[in-house]
Amino acid sequence: MLNTEKTRADFKILREGVKGIIPVYFDSACMSLKPDSVVDAMNEYYYEYPACAGRSSHKLGDRATKKVKEARELIAKFINAKSEKEIIFVRNTTEAINLLANAYPFKKGDVVLIGDKEHNSNLVPWLVLRDKIGIEVKIIPSNADNTFNLDNFKALIKGAKFVALGHTSNLDGVTIPAKEIIKIAHENKALVFLDAAQSIPHQKIDVRELDVDFLAFSGHKMLGPTGTGVFYGKQKLLESLGSFLTGGDTVESTTYTDYKFLPIPEKFEAGLQDYAGIIGLGEAVKYLSGLYFVDIQEHELKLNNYITEELKKFPQIKIIGPEDPSLRSGIINFYIEDTDMHKFAIMLDNMDNIAVRSGQHCVHSWFNAKKIRNSLRVSLYFYNTEEEVGKFITSLTKILKIFS
Ligand SMILES: Cc1ncc(COP(=O)(O)O)c(C=O)c1O
């Protein structure tokens, strides 16, 4: 069982607060908090060996090279990649998807399937590719409760070249049956990319067990530093990709008229990298490896149940996605018809230091299709407590009274 008190002590902001105020942090789907070990590892880099990795052969550079290599190995092991060569450092999930969309040899007429509630980062790059080279983007309609509809998928997969899906939705926390989807896609000769930005903080990701072809995630949602991310691909597939960002560090040699790319992963890591961030991400992976995902899930479900039951007492509140909290990971996203939920979020923060997110959560396409103005999203992580949920419910009840 998770010892929440002990884990909270690992986060300075939850231990000491800021100017004496400890926030109720319910916005981890946007950005998780960072344990001290992650911040310390980054500071250690900046204070003790702030040098280039992979280039300079002095002692400081050697240490940076070694630490970056260690981080890559830790991440490869964390997702059970076959080799650390399959781990490409990027700034975030968005960059990884852009890399894929631009470097994969798509041709005019290729069909790419995506879901109907993708984050803009897994929608816009495909629509841009449609406009640039003429791929066809087809949308797989979900069930009425936002869960994945396998029949709709099976009806569309024939003839598709590629499937790009959010593993866990940032809109409602629903996780798709990835293994089954990948199996069906492969039987139909289509490759699969999984956007694991919202799944990797909460569940074990084993790329070989899933047999997924490409996958991406952001470090900042899984205890890591901001602006860090990973693009994974099966080695052979990565080797078959074209290029994306090019320049220094991506090439073995150049002449005035030619260039020779380095092998993966360097081929895709253009220019000086965020070494402190990469090292911090390695530390975040170490921290997460010290917890059990079953404990994290059990804890999140307990809190999600609590909030869901309380919200059900207000008939005007509509929860997005399935009613059953066990299908929504750590997310409770809700709205009130014809109401601007930003006002609620601002009041929660101003009155009681409760940080939630309001808006369309980068899933504008879904909100526009459903004609819903915006929503208020609570996103939980293992460091949240029942006491915090209690505070949230009390504060929300006060605000609902003000607006009634
Ligand atoms: C499901 C999903 N995909 C992609 C992204 C984009 O992540 P990033 O902004 O780190 O690139 C997010 C961010 O919220 C997300 O939730």
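Domain bounds here come from an automatic or database domain assignment. The model is predicted.

**Exercise 1. Describe how the two domains of the chain are divided and how they meet.**

Step 1. Start with the bounds. The assignment gives domain 1 as 4-26 + 292-403 and domain 2 as 39-289.

Step 2. Take the centres over C-alpha atoms: those of domain 1 and domain 2 are separated by 28 Å. To the contact, domain 1 contributes 27 residues and domain 2 contributes 28 residues.

Step 3. Turn to the area. Between them, domain 1 and domain 2 bury about 2100 Å², and carbon and sulfur atoms carry 58% of it.

Step 4. Look for charged pairs. The rule finds zero salt bridges across the interface of domain 1 and domain 2.

**Exercise 2. Work out the strand order of the open sheet that contains β11, β12, β14 and β15, and state which strands stand at the edges.**

Step 1. Write down the order. The four strands run β11-β12-β15-β14, with antiparallel pairing.

Step 2. Find the edges. β11 (317-319) and β14 (357-359) each have a single partner strand, so one side of each lacks a neighbour in the sheet. On average, neighbouring strands of this sheet are turned by 30° against each other, direction ignored.

Step 3. Check each pair by its bridges.
- β11 and β12 are antiparallel and joined by three bridges; K318 has Y335 in β12 as its bridge partner.
- β12 and β15 are antiparallel and joined by four bridges; N333 is opposite R377 in β15.
- β14 and β15 (residues 375-379) are antiparallel and joined by three bridges; G359 is opposite S375 in β15.

**Exercise 3. Decide whether β12 is enclosed or open, and identify the helices that lie across it.**

Step 1. Count the buried residues, using the cut-off of under 20% relative accessible area. In β12, six of the six residues are buried, so the strand is largely enclosed by the rest of the structure.

Step 2. Sort the side chains by direction. I331, N333 and Y335 point one way from β12, while I332, F334 and I336 point the other way; all are buried.

Step 3. Add the helices. Helix α12 (residues 293-311) lies across β11, β12 (331-336) and β15, at about 15° to β12. Helix α13 (residues 341-352) lies across β12, β14 and β15, at about 45° to β15.

**Exercise 4. Determine how many residues of helix α5 are buried, and what covers them.**

Step 1. Count. Helix α5 (residues 93-103) has eleven residues, eight of them buried, and is mostly covered.

Step 2. Name them. The buried residues of α5 are T93, E95, A96, I97, L99, L100, A101 and A103.

Step 3. List the cover. Among the elements that cover these residues are the strands β2 (87-90), β5 (162-166), β6 (191-195), β7 (214-218) and β8 (229-233), together with helix α6 (124-133).

**Exercise 5. Locate G20 and classify it as buried or exposed.**

Step 1. Place the residue. G20 is in the loop between α2 (12-15) and β1 (24-25).

Step 2. Apply the cut-off: exposed means over 50% relative accessible area. G20 has a relative accessible area of 66% and is exposed.

Step 3. Relate G20 to a residue elsewhere in the chain. G20 and D131 are 111 residues apart along the chain, and 52 Å separate their C-alpha atoms.

Key:
Residues are numbered from 1 along each chain as its sequence is written. This is a predicted model: local features need pLDDT of at least 70, side-chain atom pairs count only at pLDDT 80 or more; totals for chains, interfaces and linings use all residues. Side-chain values use heavy atoms; hydrogens and water are left out. Two strands pair if DSSP finds at least two bridges between them. Helices (H or I, at least four residues) and strands (E, at least two) are DSSP runs, numbered from the N terminus. Axes are lines fitted to C-alpha atoms, for helices over the stretch in contact, and angles run from 0 to 180 degrees between N-to-C directions. Contact means heavy atoms within 4.5 Å. Buried means under 20% relative accessible area, exposed over 50%, partly exposed in between (1.4 Å probe, protein chains only). Buried area is the accessible area (1.4 Å probe) that two parts lose on being put together, summed over both. A salt bridge is a side-chain nitrogen of Lys or Arg within 4 Å of a carboxyl oxygen of Asp or Glu.
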